[in-house]
Amino acid sequence: MSFPTFLINLLYGFTIGSILILISSSLSLIFGVMGVVNLAHGSLCMLGAYFGLTLVLWTGNFWLALIVAPIVVAFIGFLMEVYTLRPLYGLDPLLQLFLTLGLSMIVSNLVLHFWGGDVRSISIPEALKGNVLILGTVYPSFRLFVFIVSISLVISIWFLITQTKWGIILRAGVHNMELVDALGINISWVFTLVFTFGCGLSSVAGVIIGALHNCNTNMHTDLLIWGLLAVVIGGLGSFRGAVIGSLILGVSEAFGALLMPGLAKFTIYTVMVVILLLRPEGLLKEI
Amino acid sequence: MKKKENRRNKGLTRRQFVMGSSLAIAGAATGISGVFKIAKGVSPPIKVGMILPYTGGTADEARRVETGIRFAFARSKYADRVEFHIEDDRETPSVGVEKAQKLVEKVGVDMLAGPIHGHVGLAVSEYCKSKKKLCLLAFSGNVLIAGKNCSRYTFMVGHTTWSVSAPGASYCFEKFGKKVYLIGNDYSTGRQITGFMAAEFKRLGGSIVGEGYMPIGTAEYAPYIGQIRDLKPDVVTGFLTPSDCVNFTKQFDSFGLRKAGIPIVMCLGMYGQVPLEAYGDSILGHYDIWHYSPWLTNKENLEFKRDFAKWKPGYPFMDALVLGNDVGTCMIYGLDQAGGKPDIERMVDAIAKREWLSPRGKSSFGPNHAIIHDLYIRQAQKIEGETRMIPVKELGRFGTSGDASGPGGECKM
């Protein structure tokens with residue numbers, strides 16, 4: 001393996017990991033605060049990709065799509081939480097699981113109905129179409145942009161969680177939501193805020209994936225599986241754990257595909273099994 | 001009170017009499033009109049079943065095949081008689097067979113237009129063989145159906161995995177060079193095609209410098225692109241499903257390999273199976289191997305495009321329409337030769353001998369019922385602001401042998 005190939009794969013692993021962070025961290029927060037495994041997460045991410053595609057086709061402006069599509073999906077998430085999930089709080093968690101699974105099917109079939117089954121792609125802005133040289137190796141500018149944006153978002157969210165009042169409520173909620181409720185904080189709205197924010201964050205990933213790869217009607221399945229893997233590896237409910245888990249998965253896939261072509265998927269599941277055998281609760285417990 | 005009740009129970013009321021009479025008259029009128037219809041010689045309907053993947057990534061392809069078949073019948077004398085019965089195979093063999101059973105045994109279709117995916121096509125063909133039901137495959141090109149799994153009742157109207165790959169290897173060898181990198185999705189079609197290309201390259205004296213196989217749905221190709229960069233092949237060839245093909249081609253370009261002058265030659269016409277806008281400029285200059293281009297200038301293609309545009313104005317014109325149309329015209333030809341009746345044995349005998357000028361060019365069937373078609377190398381070019389797959393080389397006519405040495409094994413019908 002040459003040094004450029006090694007470097008490309010390392011960078012690629014970090015890039016994929018950084019996109020995964022946007023999906024897995026929101027999934028982890030939703031589970032940590034609300035106790036809900038949102039099986040519609042991949043579909044909402046896919047919806048973000050398709051809304052982004054439509055906005056770019058209408059306006060020719062990628063930046064607008066990157067901002068507006070997540071807002072639209074966040075609003076849809078808000079409606080989902082208020083009108084479908086909220087009535088099920090306090091009941092058997094299996095009901096929430098089936099509900100989100102059903103919503104996932106509805107969303108993915110609506111996408112197929114309105115946008116069709118053909119593979120589509122979001123155009124990358126001209127300014128990001130070239131390459132940069134990193135230690136003598138050619139690397140696409142857009143991938144570097146993706147890495148920078150994702151990490152910036154992660155740092156912002158981390159600041160939000162650790163330095164603001166809402167962050168304190170969030171962290172307290174992960175530990176003990178009943179106590180938070182007893183202190184007079186309206187947990188219904190905390191749930192709504194977390195769910196809405198999570199949907200918006202995952203659809204940022206959707207727009208990025210739509211440009212980096214493509215928009216297709218099967219993408220939600222892989223996105224959900226990857227998100228769940230990162231959450232499980234990182235520790236359920238742990239934001240930091242989801243970040244670390246995502247980077248581990250990204251790098252594992254990069255080098256797994258390189259060293260054992262055709263067995264890339266085997267590599268990431270093996271990594272998951274090994275980590276869980278060593279630490280069944282995941283890498284981290286704390287948010 | 002009692003007397004009144006007794007009178008009511010004994011005979012019909014006036015209301016009942018009027019209702020009953022009306023029903024009787026209506027029934028008689030239907031019967032009479034039925035007699036008139038029979039007297040006029042109106043034939044029973046022709047039931048055409050379609051098993052296509054209406055969910056998943058090839059849903060739009062399925063609709064195009066269906067539209068092509070409908071178009072063929074709309075232009076025929078069977079337009080008023082034909083009934084279409086459509087089922088979704090969900091890209092799964094077991095579901096395909098289940099739907100075939102439903103169409104054949106419950107609905108009673110006279111003939112089937114088959115699936116898109118090779119593995120589903122094989123399963124449905126085997127079922128139709130057991131039921132002696134005519135099955136025409138628009139897209140499904142599993143080479144085994146032209147070989148050891150051939151059937152008297154199945155016609156591969158589109159292509160086989162061999163006929164749209166191996167014959168193009170010599171063009172790649174002569175034009176680009178002898179070092180090839182093979183890339184393919186790790187399933188039957190991907191493995192078959194890369195295997196055929198590898199065999200042809202070796203036969204010509206070329207060398208396989210590297211290979212990459214990945215599951216369907218792979219989003220990231222950076223590891224393979226890194227390999228390709230290191231190995232510096234003269235050409236990259238193989239088969240990837242539509243979504244993977246878009247990912248690979250875009251990333252190949254973003255890492256600078258297109259500008260470095262390494263061409264991609266996709267088999268099975270994969271560059272024409274999704275709207276080319278999905279690729280942006282990343283596809284320009286690359287090639288594929290296929291039996292059709294919307295930009296062919298033969299008379300049949302120009303007429304087909306013109307007539308289709310009149311029938312469905314604004315409908316995006318893509319390759320699968322032509323394949324569906326060819327399936328439809330084969331069914332119609334078979335019906336014509338069978339006196340307008342869905343006599344399967346007569347239809348099969350007729351279709352097997354058919355030679356026709358399709359929009360694709362001259363077409364016919366081999367003894368194994370696999371299509372013999374013209375083959376082209378197409379290149380992605382930007383013309384009038386639009387990316388098009390333009391035929392740059394006509395390779396000749398190719399079928400798929402059903403001999404023991406054939407790519408699918410020996411066909412014994």
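**Figure 1. The two domains of chain B in this predicted model, seen with their centres 29 Å apart over C-alpha atoms.** Domain 1 is put together from two stretches, 46-159 and 296-372, while domain 2 is the single run 166-290. Where they meet, each domain of chain B puts in 8 residues. On the domain 1 side of that contact you'll find 2 nonpolar, 4 polar and 2 charged residues. For the backdrop, chain B has 12 helices and 14 strands, and 52% of its 413 residues count as buried. Among the chain B contacts with a separation of 6 or more, 69% link residues 24 or more positions apart.

**Figure 2. Strand S8 of chain B, covered on both faces.** S8(B) takes in residues 235-239, and 5 of its 5 residues are buried. B:Val235, B:Thr237 and B:Phe239 sit on one side, with B:Val236 and B:Gly238 on the other. One neighbour is strand S6 (residues 179-185) of chain B, which runs parallel to S8(B) and is joined to it by 5 bridges. To get your bearings on that pairing, look for B:Gly184 opposite B:Phe239. Strand S9 (residues 264-266) of chain B also pairs with S8(B), again in the parallel sense, over 3 bridges. Here B:Val236 has B:Ile264 as its bridge partner. Getting from S8(B) to S9(B) takes the chain through helix H9 (residues 242-254) of chain B, in a right-handed β-α-β crossover.

**Figure 3. Strand S10 of chain B, with a parallel pairing to S9(B) and an antiparallel one to S13(B).** S10(B) spans residues 287-290: B:Tyr287 and B:Ile289 point one way, B:Asp288 and B:Trp290 the other, and all are buried. The S9(B) pairing rests on 2 bridges, and B:Met266 stands opposite B:Asp288 there. Strand S13 (residues 371-383) of chain B is joined to S10(B) by 4 bridges. In that pairing, B:Tyr287 is partnered by B:Gln379.

**Figure 4. B:Glu277, in the loop between S9 and S10 of chain B.** Is this residue partly exposed or buried? B:Glu277 counts as partly exposed, because 14 C-beta neighbours lie inside 10 Å. Keep B:Glu386 in the frame too: that residue is 109 residues away along the chain, yet the two C-alpha atoms are separated by 8.7 Å.

**Figure 5. The side of chain B that touches chain A.** This contact takes 29 residues from chain B and 32 from chain A. Four elements of chain B each supply at least two residues to its side: helix H3 (59-74), strand S7 (207-214), helix H8 (222-231) and H9. Which of them gives the most? That's H9(B), with 5 residues. So the helix that carries the chain from S8(B) to S9(B) turns up again here. Sorted by class, the chain B side has 13 nonpolar, 12 polar and 4 charged residues.

**Figure 6. The largest nonpolar core, with B:Leu136 among its best-connected members.** This core holds 196 residues, and B:Leu112, B:Leu136 and B:Val157 touch the most other members. The biggest giver is found in chain A: helix H1 (residues 3-34) gives the most, with 15 residues. Over in chain B, domain 1 and domain 2 each bring in at least three residues. Zoom in on B:Leu136 and, leaving out residues up to four places away in sequence, you'll see B:Ala113, B:Gly114, B:Phe155, B:Val157, B:Val327, B:Cys330 and B:Met331 touching it. As a general point, nonpolar side chains tend to be buried together in soluble globular proteins.

**Figure 7. A:Ile275, in helix H11 of chain A.** H11(A) covers residues 264-278. How many C-beta neighbours does A:Ile275 have inside 10 Å? There are 18, which is why A:Ile275 counts as partly exposed; buried would take 20 or more. Setting aside residues up to four places away in sequence, A:Ile275 touches A:Ile233 and A:Leu283. A:Ala74 is 201 residues away in sequence and 33 Å away in space, C-alpha to C-alpha.

Notes
Residues are numbered from 1 along each chain as its sequence is written. Chains are lettered from A and ligands numbered from 1 in the order in which they are written. This is a predicted model: local features need pLDDT of at least 70, side-chain atom pairs count only at pLDDT 80 or more; totals for chains, interfaces and linings use all residues. A residue is buried if 20 or more other C-beta atoms lie within 10 Å of its own, exposed if 12 or fewer, and partly exposed in between; C-beta atoms are placed from the backbone. Two strands pair if DSSP finds at least two bridges between them. A crossover is right-handed if, with the strands pointing away from the viewer, the path from the first strand over the helix to the second runs clockwise. Domain bounds come from an automatic or database domain assignment. Two residues are in contact if their C-beta atoms, placed from the backbone, lie within 7 Å. Ala, Val, Leu, Ile, Met, Phe, Trp, Tyr, Cys and Pro count as nonpolar, Asp, Glu, Lys and Arg as charged, and the others, Gly among them, as polar. A nonpolar core is a set of buried Ala, Val, Leu, Ile, Met, Phe, Trp, Tyr and Cys residues joined through C-beta atoms within 7 Å.
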